[in-house]
Amino acid sequence: MSTSAPGRPLETPPPERLLKADLFGSVSLRPGGAGCLVRRDTTCARAGLGWLARLLARREARALESLGGLAGTPRLIGFDGRRLDRSFIDGLPMQQARPAEPAYFREALRLLRRLHLAGVTHNDLAKETNWLVTPEGRPALVDFQLAAIHRRRSRLFRLLAREDLRHLLKHKRTYLPSGLSARQRRILSTPAPHARLWKATGKRLYLVITRRLLGWADREGAGDRRFP
Ligand SMILES: Nc1ncnc2c1ncn2[C@@H]1O[C@H](COP(=O)(O)OP(=O)(O)O)[C@@H](O)[C@H]1O
Ligand SMILES: [Mg+2]
């Protein structure tokens, strides 16, 4: 029989830890399943925004389900329409880990290729918080709220897949600029038409809304993510 520290009950599960909270609800790390899981809870979304939070969570649930636990992506554990549970992936967000190994970016390219082969585009890869670096130095992706599932390789699919790739290459330009190939530099210098339009107009409006009104920051979620 195992023993416990004085005063501590046997096999006390680690406490829940809040990773992020905003107007759309919270993201927390909690014990569950074989290890721990990450719960997105839309029940605490700001009044009037619950419907949007649930819509985004449903989008994420569908994308994760169709990926079926692809290595480097969280596995969907459950979704009841309000709370979404996904498997925890150990690692640090990119802006903390600052990956500079060619192997990280090689693997990240492979991961994107597999994601796209499964017909899923992530659509939110500009945010470094959505890229993790595992303790082994491998890439992983989280936050599939804006992801799309494509039934065929349509023009839209190809455009979004290229944008996913371009965002990865932007991160590579930050952390490993000498590793960029001539082709990768070319891709970086030619954003898709919608991205150019976005940059010229929508991006400024988006930043005003998300930073000033919603109080978001692009690097949110970078807090301590480990259980004691
Ligand atoms: N499956 C996961 N494994 C490990 N960490 C995660 C996982 N899902 C989310 N996180 C952490 O929680 C943060 C917030 O989750 P995320 O899904 O990005 O929510 P939001 O859409 O509000 O940004 C992420 O930036 C990441 O640090
Ligand atoms: Mg995120």
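Student: Why are α4 and α5 called roughly perpendicular to each other?

Tutor: In this predicted model, helix α4 (residues 155–175) and helix α5 (residues 182–189) pack at an angle of about 110 degrees. Angles of 65 to 115 degrees count as roughly perpendicular, so α4 and α5 fall into that class. Their axes are 9 Å apart, and α4 passes α5 in a left-handed crossing.

Student: Which residues make the contact of α4 and α5?

Tutor: On the α4 side they are Arg162, Leu165, Arg166, Leu169, Lys170, Lys172 and Arg173, and on the α5 side Gln184, Ile187 and Leu188. Sorted by class, the residues of this contact are four nonpolar, one polar and five charged.

Student: What makes α3 roughly antiparallel to α4?

Tutor: The axes of these two helices cross at roughly 170 degrees and come within 11 Å. An angle over 145 degrees counts as roughly antiparallel, and α3 and α4 are therefore described that way. From α3 the contact takes in Phe105, Ala108, Leu109, Leu112, Leu115 and His116. From α4 it has Phe157, Ala161, Asp164, Leu165, Leu168, His171, Lys172 and Tyr175.

Student: How many residues of each class does the contact of α3 with α4 have?

Tutor: There are ten nonpolar, two polar and two charged residues in it.

Student: Where else does α3 pack, and what is the strand order there?

Tutor: Three strands make an open sheet there, ordered β6-β8-β9 with antiparallel pairing. Its edge strands are β6 (92–93) and β9 (139–141), each paired on one side only. Helix α3 (residues 102–117) packs on this sheet and touches β8 and β9, with its direction at about 35 degrees to that of β9.

Student: How do you know that β6 and β8 pair?

Tutor: Two strands pair if there are at least two bridges between them. Two bridges join β6 to β8 (residues 131–133), and the strands run antiparallel, so the condition for pairing is met. Leu92, for instance, has Val133 in β8 as its bridge partner.

Student: Why do β1 and β4 count as edges of the sheet of five strands?

Tutor: That open sheet has the order β1-β2-β3-β5-β4 and antiparallel pairing. Both β1 (17–22) and β4 (76–79) have a single partner strand, so one side of each lacks a neighbour in the sheet. From one strand to the next, the twist averages 20 degrees.

Student: What makes β4 and β5 a pair?

Tutor: The requirement is at least two bridges, and three bridges join β4 to β5 (residues 83–87) in an antiparallel arrangement. Within this sheet, Gly78 stands opposite Asp85 in β5. Helix α1 (residues 50–67) lies across β3 (35–41), β4 and β5, and runs at about 145 degrees to β4.

Student: Does Gly50 count as buried or exposed?

Tutor: Gly50, which is found in helix α1, has a relative accessibility of 13%. Buried means under 20%, so Gly50 counts as buried. Gly50 and Leu23 lie 27 residues apart in sequence, with 8.8 Å between their C-alpha atoms.

Student: How many helices and strands are there in the protein chain?

Tutor: The protein chain has six helices and ten strands. Of its 228 residues, 43% count as buried. Taking contacts between residues at least 6 apart in sequence, 63% join residues at least 24 apart.

Definitions and conventions:
Residues are numbered from 1 along each chain as its sequence is written. Chains are lettered from A and ligands numbered from 1 in the order in which they are written. This is a predicted model: local features need pLDDT of at least 70, side-chain atom pairs count only at pLDDT 80 or more; totals for chains, interfaces and linings use all residues. Side-chain values use heavy atoms; hydrogens and water are left out. Helices (H or I, at least four residues) and strands (E, at least two) are DSSP runs, numbered from the N terminus. Axes are lines fitted to C-alpha atoms, for helices over the stretch in contact, and angles run from 0 to 180 degrees between N-to-C directions. Contact means heavy atoms within 4.5 Å. Angles under 35 degrees count as roughly parallel, over 145 as roughly antiparallel, 65 to 115 as roughly perpendicular and the rest as oblique. A crossing is left-handed if the near helix is turned anticlockwise from the far one by less than a right angle, and right-handed if clockwise. Ala, Val, Leu, Ile, Met, Phe, Trp, Tyr, Cys and Pro count as nonpolar, Asp, Glu, Lys and Arg as charged, and the others, Gly among them, as polar. Buried means under 20% relative accessible area, exposed over 50%, partly exposed in between (1.4 Å probe, protein chains only).
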